[in-house]
Amino acid sequence: MAADVPGTVLKRERARDAVLELMESRSPGDAIPSERALCALLGVSRPTVRAAIDELVAAGLLVREHGRGMFVAPEKITQELVSADLALSVPQAAGAWSSRLLEFTTLQAGARVGRKLRMSPAEEIVYVARLRLVDGAPMAIEHLHIRAAFVPGLSAQELESGDLYEHLRDTHGVHVHEAVQAIEPTVVTRAEARLLEVPELSPALLFERLTSDTAGRPVEYVHSLYRGDRYRIVSRLALGPAAAAAAAAAGRGRDGHHPGIPPGDFAHGDPITSSTRGDIQAGT
């Protein structure tokens, strides 16, 4: 195959780098030259240019629009994770985050969720599905499973505004204290693709989190699916006590969206503890 011919990969890499350089002088939404124009500009074949473009489209850096051309993709939403000596401070992600409620109901926990929340399968949970948006664009689908006994009177409006943990603390005296979270790659199903406005089987990040209160009781189990083409995780590692203290101070007091965590989470003095560190860093 042509892709296996010696030198083909190197040519494709050079073509990709040249296109990336062109993109750096443009803004999100700006068009780039056509494949034919790029062939003439770079002095390479059409298959080589197309392969380079395919890589950039798959990476979420370029967008192809049938009949219109190729455009610089919107910037990815970056979530920075900051590790500290005694606590993991998580700064807010970029963009204006909002929610659209997809489902809100009370049902039995069932075997799987019951095991995670350490409760009987017959006990009730509040199940919530919501679409998370950034600047109006779909970014993630969140599935929340909360012990119903902890949230009597929880309303859809509270979840729309993202004040779940504030509601737990102020209304029910439940103080979220610790979260164990894992991150792994996955792909979206057809139904998820429709909600996220991406092609079926597009790459995504799966977040799973179990949140406990100060008494060690599981409060909530969440699994969330984030678009792989628009969301990325960056870790800042503190390599010494002084650096760790500075990183912790930089992260304190910021409101906003955390990966897989509704806005307002841990924003009022209930930080994620060090037990979270290994699971989160392992997925970055």
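Here are some questions and answers about this predicted model.

Q: How many helices and strands does the chain have?
A: Let's start with the overall make-up. Buried residues account for 43% of the 284 residues in the chain. As for secondary structure, the chain has 9 helices and 13 strands.

Q: Of contacts between residues at least 6 apart in sequence, what share joins residues at least 24 apart?
A: This one asks about contacts across the sequence. One example of a pair well separated along the chain is Arg16 and Leu56, 40 residues apart, with C-alpha atoms separated by 7.5 Å. For the chain, the share of such contacts that join residues at least 24 apart is 63%.

Q: Is Arg16 buried, partly exposed or exposed?
A: Arg16 sits in helix 1, residues 8-24. Leaving out residues up to four places away in sequence, Arg16 touches Ala52, Glu55 and Leu56. Its relative accessibility is 25%, and the partly exposed class lies between 20% and 50%, so Arg16 counts as partly exposed.

Q: Which helix gives the most residues to the largest nonpolar core?
A: The largest nonpolar core has 16 residues, and Val126, Ile146, Val151, Leu154, Leu164 and Leu168 touch the most other members. At least two residues each come from strand 7 (124-134), strand 8 (137-147), helix 6 (164-172) and strand 11 (218-227). With 3 residues, the element that gives the most to this core is helix 6.

Q: Which residues does Ile146 contact, leaving aside neighbours within four places in sequence?
A: Ile146 is among the residues of the largest nonpolar core that touch the most other members. Setting those sequence neighbours aside, its contacts are Ile125, Val126, Val151, Leu154, Leu164, Val219 and Glu220.

Q: Why do the buried residues of helix 4 line one face of the helix?
A: The buried residues in helix 4 (residues 110-117) are Val113, Gly114 and Leu117. Seen down the axis of helix 4, they line one face because they fall within an arc of 105°.

Q: What covers the buried residues of helix 4?
A: Helix 4 has Val113, Gly114 and Leu117 as its buried residues. Their cover includes strand 7, strand 8, strand 10 (203-213) and strand 11.

Q: Is the ring pair of Trp97 and Tyr226 stacked, tilted or edge-to-face?
A: Trp97 is in strand 6 (residues 97-108) and Tyr226 is in strand 11, so the pair ties together parts 129 residues apart in sequence. Trp97 is buried at 16% relative accessible area, and Tyr226 is buried at 0%. The ring centres are 6.5 Å apart and the planes meet at 55°. That angle falls between the 30 and 60 degree limits, so the pair is tilted.

Q: What is the angle between the planes of Trp97 and Tyr231?
A: This pair links distant parts of the chain, with Trp97 in strand 6 and Tyr231 in strand 12 (residues 231-236), 134 residues apart. Tyr231 is buried, with a relative accessible area of 2%. The rings are 6.3 Å centre to centre and form an edge-to-face pair, with an angle between the planes of 85°.

Q: Which residues do ring pairs link into a cluster?
A: The count of aromatic pairs comes to 5. Trp97 pairs with Tyr226 and with Tyr231. The cluster linked by ring pairs consists of Trp97, Phe207, Tyr226 and Tyr231.

How values were computed: Residues are numbered from 1 along each chain as its sequence is written. This is a predicted model: local features need pLDDT of at least 70, side-chain atom pairs count only at pLDDT 80 or more; totals for chains, interfaces and linings use all residues. Side-chain values use heavy atoms; hydrogens and water are left out. Helices (H or I, at least four residues) and strands (E, at least two) are DSSP runs, numbered from the N terminus. Buried means under 20% relative accessible area, exposed over 50%, partly exposed in between (1.4 Å probe, protein chains only). Contact means heavy atoms within 4.5 Å. A nonpolar core is a set of buried Ala, Val, Leu, Ile, Met, Phe, Trp, Tyr and Cys residues joined through side-chain atoms within 4.5 Å. The arc is that of the directions from the helix axis to the C-beta atoms. Rings of Phe, Tyr and Trp (its six-membered ring) pair if their centres lie within 6.5 Å; planes under 30 degrees apart count as stacked, over 60 as edge-to-face and the rest as tilted.
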